[in-house]
Amino acid sequence: MTKYRTRLLFALITLIIAVLLGLGIVLGQLFKNYYLTNFNERLENETQMISAIIAKSGGLSSLNRQELDEFSEILNTSITIVAAEGEILYDTESGLANNPKNEELISKVLAEKGEGDIVGRYSDGNQLQYYWQSLQHNQQTEGYLLLATKVDELKQAYRQLWWILSVSLGMALLVIIMLGSKITSRYTKPIESATNVAIELAKGNYRARTYEDHIDETGMLSASINILARNLQDAMKSQEIQQDRLRTLIENMGSGLILIDNRGYINLINKTYKEIFNVNPGEYLYKLYHEVIKDKEVSSLIEEIFMTEQKLKKQVVLPLVIERRYFEVYGVPIISSNNVWKGVLLVFHDITELKKLEQVRKDFVANVSHELKTPITSIKGFSETLLDGAMNDKQALEDFLTIILKESNRLQSLIHDLLELTRIEQHGFALNLEEVDINGQVSDVIKILKGAATEKNVNLTLKTNTPNSLITGDPDRLKQVFINLITNAITYTPSGGLVSLEVENQKETVTVKIKDTGIGMKKSEIPRIFERFYRIDRARSRDSGGTGLGLAIVKHIMEVHKGTIDVKSEIGVGTTFILTFSKNLPTK
């Protein structure tokens, strides 16, 4: 913008200089003409005056040379009198008379006069300006009177004239330059400022502002630029907020997302997609989709969307490292408001857990059906046998009724455990919390199960490190946990075995270990023992009246008590359940 101001000021000064030069030339010419006119008029008047004096004195025959010398000195003019034949009769400049050069000059002056002319002027072009007039006596021309003035006076007057004009015009030029600089600065500064702000806005700096100090057009320009900058800043802030929201939404959504442009290049993958498929963005972005997406089902889905321009949804199974996961892939074409094809958007919904839950539901229904079918079938079969005549046999009647009672009890236990498990798993399930002595709880359970252990010839022992082990919990639910675990230990421990219980009272927790010398289990089976209806030994479990839901109930009760349960087992050696309870469980 400095160049703009310089160019503007240079153009203005150039124009002013041209105007001033033209004005100076015109004024100089006018003054020159005026001075030259006055100069010639003076010579003419002086010539007429001297001619009149000579004529009055009696003509050339009675010249008063002394008087002519005085006139020449007063008028500062050279006076020459020439006879009609061209002979110089008198000249005030010494040595001028009878001078060949002077005679030649006088001849030129008189030679230029026209026929009948009585006055005239002549310039030798160098030093002298001549004015002549014929001298008349008795109506005849006696000779000629010549007045000569040095041109130096005229040149000096011209020099003074041009010096005055130069000084005047120079001072005017300086004043105009200062005023012009100030004026251009006044009017170009707002333009420069507005231009700089416009450049900053073009660079993306929407905080740039220009100074508003006038109410004229430049002030209006500055105000308009500032309004534009504020509007752009507000629009950019709004756009940034929208982009941040969109970026946050895309990056933190629970589903994987891929954006493919209209040429088939991948432009965007979100964080969830990168985490699910463990991909490097550099290997995906700006690559053709069929080069990086190896699954044929997904590639064919994208191709179909490109060809049909219709929304599509498909369930696929994709191998990920060591597992296979289920995805519902939703693809949609991106078409702008003016029906321009933009690309394809793919969303990968991970439905693996839903599939697992669906499978668990199916397994649960199958297991429940199977568990209910066995006792019902037994009850129905023995009832039909009795009705067919076996009731007349007292021993058969007693045996069959005993079996029916046993299967009914088993059916009742199964239904009770199902209802109990459903109640515990409900969202609003609440514990009746109070202070509980774990030592007393375990002792009570041992007393309850002492008969069953004695009947099977299994020895029960209890070891504690303190008289009391107090925690906050639900006594009935905790007793249910101990009954289920100790019952299982007795059930799976052969005759002559040992079931030992140990309670360790620690600073923040209480740990209960239930160890048996039973059949044990494989390490691969340990994660599944808490599933519903899962049994290590199905025949032994059914013979004991087990429903397969006890450990699932134990797991949920421990979870609501914020406790943990660990299992260690070895085939043929036995199993140890380690329960850890926190003492500071909140009472609300």
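Which residues does the UniProt annotation "transmembrane region" cover? I looked this up before anything else. The annotation, from an unreviewed entry, covers residues 161-180. I then checked that stretch in the model, which is a predicted one. Over residues 161-180 the chain is 100% helix and 0% strand. The C-alpha atoms at the two ends of the stretch lie 28 Å apart.

**Entry: helix 2**

I turned to helix 2, which spans residues 65-75. Which of its residues are buried? I noted Leu68, Phe71, Ser72 and Leu75. Looking down the axis of helix 2, I find these buried residues within an arc of 100 degrees, so they line one face of the helix. On the other side of helix 2 I listed Gln66, Glu73 and Ile74 as exposed. I also looked at what follows the helix. Just after helix 2, Asn76 takes a positive phi of about 55 degrees.

**Entry: the sheet**

I traced an open sheet of 5 strands next. Its strand order is 7-6-10-9-8, and the pairing is antiparallel. Which strands are at the edges? They are strand 7, residues 266-269, and strand 8, residues 312-320, and each pairs on one side only. From one strand to the next, the twist averages 25 degrees.

I looked at one pairing in detail. Strand 6, residues 256-261, runs antiparallel to strand 7, and 3 bridges join the two. Within this pairing I picked out Ile260, whose bridge partner in strand 7 is Ile266.

What packs on the sheet? I found helix 9, residues 296-308, there. Helix 9 touches strand 6, strand 8, strand 9 (323-335) and strand 10 (341-350). The direction of helix 9 makes about 145 degrees with that of strand 10.

**Entry: salt bridges**

How many salt bridges does the structure hold? I have 5 on record, and I followed up some of them.

One of them joins Asp244 and Arg247, with the closest N and O atoms 2.8 Å apart. Both residues are in helix 5, residues 217-252. Because they are 3 residues apart there, about one helical turn separates them. I checked exposure as well: Asp244 is partly exposed at 41% relative accessibility, and Arg247 is partly exposed at 46%.

Another salt bridge brings together the side chains of Glu297 and Lys314, at 3.9 Å from N to O. Glu297 lies in helix 9 and Lys314 in strand 8, so this pair ties together parts that are 17 residues apart in sequence. I noted that helix 9 also touches strand 8 in the packing on the sheet. Glu297 counts as partly exposed, at 33% relative accessibility. Lys314 is partly exposed too, with a relative accessible area of 32%.

I then looked up Asp350 and Arg325, whose side chains meet in a salt bridge at 2.2 Å, N to O. Where do the two residues lie? Asp350 is in strand 10 and Arg325 in strand 9, so the pair ties together parts 25 residues apart in sequence. In the sheet order 7-6-10-9-8, I see these two strands written side by side. The relative accessible area is 28% for Asp350, which is partly exposed. Arg325 is partly exposed as well, with a relative accessible area of 22%.

Key
Residues are numbered from 1 along each chain as its sequence is written. This is a predicted model: local features need pLDDT of at least 70, side-chain atom pairs count only at pLDDT 80 or more; totals for chains, interfaces and linings use all residues. Side-chain values use heavy atoms; hydrogens and water are left out. Two strands pair if DSSP finds at least two bridges between them. Helices (H or I, at least four residues) and strands (E, at least two) are DSSP runs, numbered from the N terminus. Axes are lines fitted to C-alpha atoms, for helices over the stretch in contact, and angles run from 0 to 180 degrees between N-to-C directions. Contact means heavy atoms within 4.5 Å. UniProt positions are given in the numbering used here, feature names are shortened, and annotations may be inferred rather than shown by experiment. Buried means under 20% relative accessible area, exposed over 50%, partly exposed in between (1.4 Å probe, protein chains only). The arc is that of the directions from the helix axis to the C-beta atoms. A salt bridge is a side-chain nitrogen of Lys or Arg within 4 Å of a carboxyl oxygen of Asp or Glu.
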